[in-house]
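Biologist: I have a model open and want to get my bearings. Can you walk me through it?

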Amino acid sequence: MSGIQEVETIQWALRAIRGQGRWLVGLLLMAGWFLLPSLGFAAEGTTAGPTEYRDIPYIGSRNLVWIVAQLHLLLAGFVLGVPIFAWLCEVIAWRGGEKRYDKLAKEFTKLLTSAYATTALFGGILLFLLVAFYPKLMNYLTDVFFPSFLLYCLLFLFETATLYLYWYGWDAMQHGRKKTLHVFLGFLLNFFALFIMIVPNAWATFQSSPVVLSEGTAFERAWAATWNPTWWPINIHRLIANVVLGGYICGAYAGVRYLSVKSTEDREHYDWMGYVGNFIGVFGLLALPFAGYWLMREIYQYNQQMGITLMGGFLSWLFIIQAMLIGVLFLGSNYYFWLGITHRIPGSEAKYRRAMLMMLISLLLCLAVWMTPHSLVASIEEAQKMGGAHHPLLGVLGVMSAKMTVSNLMILITFMSFVMYWRAGKQDTAGWAKLGKAVMGAVLVVASLAVIVLGIWGYFVPAIVRINYFSTSQVAIVGFVILTITPLTALLLKSAKTTTEMVWGSMPPRAGYALVLNAVMVILLMTLMGYARSSSRVHWHVYGVMRDTSPYAYSPALGSASLIMAFCTFFFCILVAFIFWVATMGDKYKTAGGAGKGELPHGIPAMAGGAPEERAQG
Amino acid sequence: MGALGKPIILMVGMYAFLKFVLPNIPGSAPLPSSLIFLYLLLTASGIVIFETLSGESKDAFWGPIQRFLTGENIGGLQALRYGVFILFPLLVGWQTYGSTAVSDLPPTESRTIHPAPPGEYTGLSNPVPKTPENIMQGKGFYAAYCSPCHGGNFDGKGPAARGYIPAPANFADPTTIAMLQESYLFWRIKKGGVGLPIEGAPWKSAMPRWEVELPDEWIWKIIMGEYDGAHQSPRTWE
């Protein structure tokens, strides 16, 4: 094609999409962005030997890989977390008969198809970037992990097939044995998703805590490298974190819709959806600190240098930021529960206001302890007055014994917030109600005291006793409280009389904002910990095995890293909003075409389950 | 202004407590402004959360602020309102100027107290048997070489300690050597302040580089003596 013809073609294309020009410009910019690697040049220049690194002007290869990897990870967390969430909702609907859970599950599975494709797209981009920018490292990792690469491809095939069957078969498999099969497909989807997560986790954790066999078959070497010291801790941590992410994103979606809908039915629906999302997020959040603690312990035990870099060295300030983000998350989640009590259950405010105040004060005190650093930021003058960077009185709050204690207490408080919400608007009628409540109260008080005593005692015992016995005992105590109070409350409420009906759709707008805030906090947390995990390797691609010899063999300071984290968070939110918009576009069209929301059962919006046969059944 | 009174009193009370009461508790010291700001931020968050739980409390809390800012039915407070409108931007400007203007004060301390040790020290374990004789010998070496700064009671209050900022480490404090492995202490004693890595900048440690004066075996014995004398145990994984 000649140059003139090319120009004419472009002009024709521009005319054809008149009115959509901004989109085209955007797309071209995106294309240009992703084609930037073609401008990359070999860092080795003209020296002999294979190319070890390539770079890219302006943004730099490391930053680009960082952003794409982080976005891929966030999307993957969403894509792997939402099926757990959706499947659980489907099972609740299947066993309990509440159809709205089934509709909720379907609503979110619909998002999966486009989110899944976007995740795979970012995975592909990441792979190309890694191969292009880090050929030596990728060659080494391929040599170690080749068998698991093949397994990963197979898993992807199975996951894709299962997802399509699960989504496209939703309406066709609604009754009888077909429904059982559909639920089984949901299980399979999650089963494959779990393995899709843990296989690449092996590659990433190998870089931090490598186990290298110099001899043996390819399979033996890959297996040894896979089963490295931090593999299972990160598998568990990510699995729980994905549930939390899925739950809070669901909540944020519901929050945004709640703020924008007009009809009462829609408000009720999205209020309820926000509650379910927040509940699932909190449910995961209760277990997440334990998993994180286990991961950090394994890292420290694996290598003192890495452990101190994270917990006491240059990355230690990162954990104060982490405390702040987790604190906001706990506050946001509890605030949402308390708003629920106040607004959804009329008349409950007076009854529970004092309890909410006590819980809030306790949460803030715990958070103050969690956020108090061991080494304080102080001017020279302030440091002189303190006698150093440690405060003589508050310095003791800066170590793990204090942090573990308050994190356990915050979990207990959040759990009790939920129990309070659960009980609100109901009156006990069981004969043993008084005794039951006394037992629950005693369990809670004794457990809280035990957690505090163990925390204080932890200062006076060898570190290994604190880590292996006291910290685990604190976790066990909190677990015991949850496992005791939950069934007791359920039993009490079984015979309880409802004094005030729950009024859905009556939450104030700030409840919607709280849900969005929670989601943003979780995403920020994930970007922060992604930076922590990668930076803890310092100047190693594979810790202690393959050194980073590129110009980027340094850890970026927290300030500059936070810019990338903020960008990743922002861009991920935009991506998710785009996915939601694309996935619901058809429903809006259908709604506008006549199948109005008023025709739906209980006024459930079209996107909640737009299949025609379902509407007919309603 | 009734509903606003309590939060204002709470904030002022909290500030007074952090600024004037807490530092005067025996064994305490003045808090750095960063920590005071952090605690005040938490207090303010708590106030906003609690006051916005119900519609009534939210209106009672925000209502006076809103009325004051809009000037609706505030009567004689109009002059104060204009005063706030003039003073607030000036305050922000003054804060901005104060935080960005060139100053002759030294920069804020952001030293990493416990930087990560070099890789070659991470796998080391104490080769000296933990016998009463070796511990006693270690305490003797400690008394000769370390106690002038770190103190005969292992509390960081040796006769020379007052001459140093930051003060020598207090080994009896459960948040110092009890958090570390023996190999970490071996590295710090052997290499001293000059051996700190770049993340330990600005290398404010007067710790001598003991490797030029003491053999490794003595250093290991000193470590045993320190832990025993300070009634602490090193971090181990078994």
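Modeller: We can go through the chains, the helix packing and a few single residues in turn. One thing up front: this is a predicted model.

Biologist: Fine. How many helices and strands does chain A have?

Modeller: Chain A has 19 helices and six strands.

Biologist: And how much of chain A is buried?

Modeller: Of its 618 residues, 45% count as buried.

Biologist: What share of the contacts in chain A comes from residues 24 or more positions apart?

Modeller: That share is 77%, taken over the contacts with a separation of 6 or more.

Biologist: Now the interface. How many residues of each chain are in contact with the other?

Modeller: On chain A, 53 residues are in contact with chain B, and on chain B the number is 50.

Biologist: Which elements of chain A give two or more residues to that side?

Modeller: There are α10 (304-311), α11 (316-344), α12 (348-371), α13 (380-386) and α16 (463-494), each in chain A.

Biologist: Which one gives the most?

Modeller: That is α12(A), with eight residues.

Biologist: What classes of residue make up the side of chain A that touches chain B?

Modeller: It has 30 nonpolar residues, 19 polar ones and four charged ones.

Biologist: Stay with α12(A). At what angle does it pack with α14(A)?

Modeller: About 160°, with the axes 9 Å apart; α14 covers residues 400-423 of chain A. The two helices are therefore roughly antiparallel to each other. Their crossing is left-handed.

Biologist: Which residues meet there?

Modeller: From α12(A), they include A:Y352, A:M359, A:L363 and A:W370. From α14(A), A:V406, A:M410, A:I413 and A:M420 are among them. A:K403 in α14(A) takes part as well. By class, the contact has 14 nonpolar, three polar and one charged residues.

Biologist: What about α5(A) and α6(A), how do they cross?

Modeller: Their axes come within 9 Å and cross at roughly 160°. That makes α5(A) roughly antiparallel to α6(A). Here α5 is residues 135-168 and α6 is residues 176-208 of chain A.

Biologist: Left-handed or right-handed?

Modeller: α5(A) passes α6(A) in a left-handed crossing. The contact residues divide into 21 nonpolar, three polar and one charged.

Biologist: Over to chain B. What does the domain assignment give?

Modeller: It gives domain 1 at 2-73 and domain 2 at 119-229. The C-alpha centres of those two domains of chain B lie 45 Å apart.

Biologist: Is helix α7 of chain B enclosed or open, and why?

Modeller: It is largely enclosed by the rest of the structure, because eight of its ten residues are buried. The helix is residues 182-191.

Biologist: Which residues of α7(B) are buried?

Modeller: B:E182, B:S183, B:Y184, B:L185, B:F186, B:W187, B:R188 and B:I189.

Biologist: What covers them?

Modeller: The cover includes α10 of chain A. From chain B, it includes α5 (119-122) and α8 (216-229).

Biologist: And what follows α7(B)?

Modeller: B:G192, with a positive phi near 65°.

Biologist: Which residue other than glycine in chain B has a phi near 50°?

Modeller: B:N73 has that positive value. It lies in the loop between α3 (55-70) and α4 (78-100) of chain B.

Biologist: Buried or exposed?

Modeller: B:N73 is exposed, with 7 other C-beta atoms within 10 Å.

Biologist: Back in chain A, what is the phi of A:V538?

Modeller: It is positive, about 45°, although A:V538 is not a glycine. A:V538 sits in the loop between α17 (509-535) and β5 (540-542) of chain A. This residue is buried, with 21 other C-beta atoms within 10 Å.

Biologist: Last one. Where does A:T429 lie?

Modeller: In the loop between β3 (426-427) and α15 (433-457) of chain A. A:T429 is exposed, and 11 other C-beta atoms are within 10 Å.

Biologist: What does A:T429 touch, leaving out residues up to four places away in sequence?

Modeller: A:T429 touches A:S495, A:A496 and A:K497.

Biologist: And where is A:G281 relative to A:T429?

Modeller: The two are 32 Å apart in space, C-alpha to C-alpha, and 148 residues apart in sequence.

Technical notes: Residues are numbered from 1 along each chain as its sequence is written. Chains are lettered from A and ligands numbered from 1 in the order in which they are written. This is a predicted model: local features need pLDDT of at least 70, side-chain atom pairs count only at pLDDT 80 or more; totals for chains, interfaces and linings use all residues. Two residues are in contact if their C-beta atoms, placed from the backbone, lie within 7 Å. Helices (H or I, at least four residues) and strands (E, at least two) are DSSP runs, numbered from the N terminus. Ala, Val, Leu, Ile, Met, Phe, Trp, Tyr, Cys and Pro count as nonpolar, Asp, Glu, Lys and Arg as charged, and the others, Gly among them, as polar. Axes are lines fitted to C-alpha atoms, for helices over the stretch in contact, and angles run from 0 to 180 degrees between N-to-C directions. Angles under 35 degrees count as roughly parallel, over 145 as roughly antiparallel, 65 to 115 as roughly perpendicular and the rest as oblique. A crossing is left-handed if the near helix is turned anticlockwise from the far one by less than a right angle, and right-handed if clockwise. A residue is buried if 20 or more other C-beta atoms lie within 10 Å of its own, exposed if 12 or fewer, and partly exposed in between; C-beta atoms are placed from the backbone. Domain bounds come from an automatic or database domain assignment.
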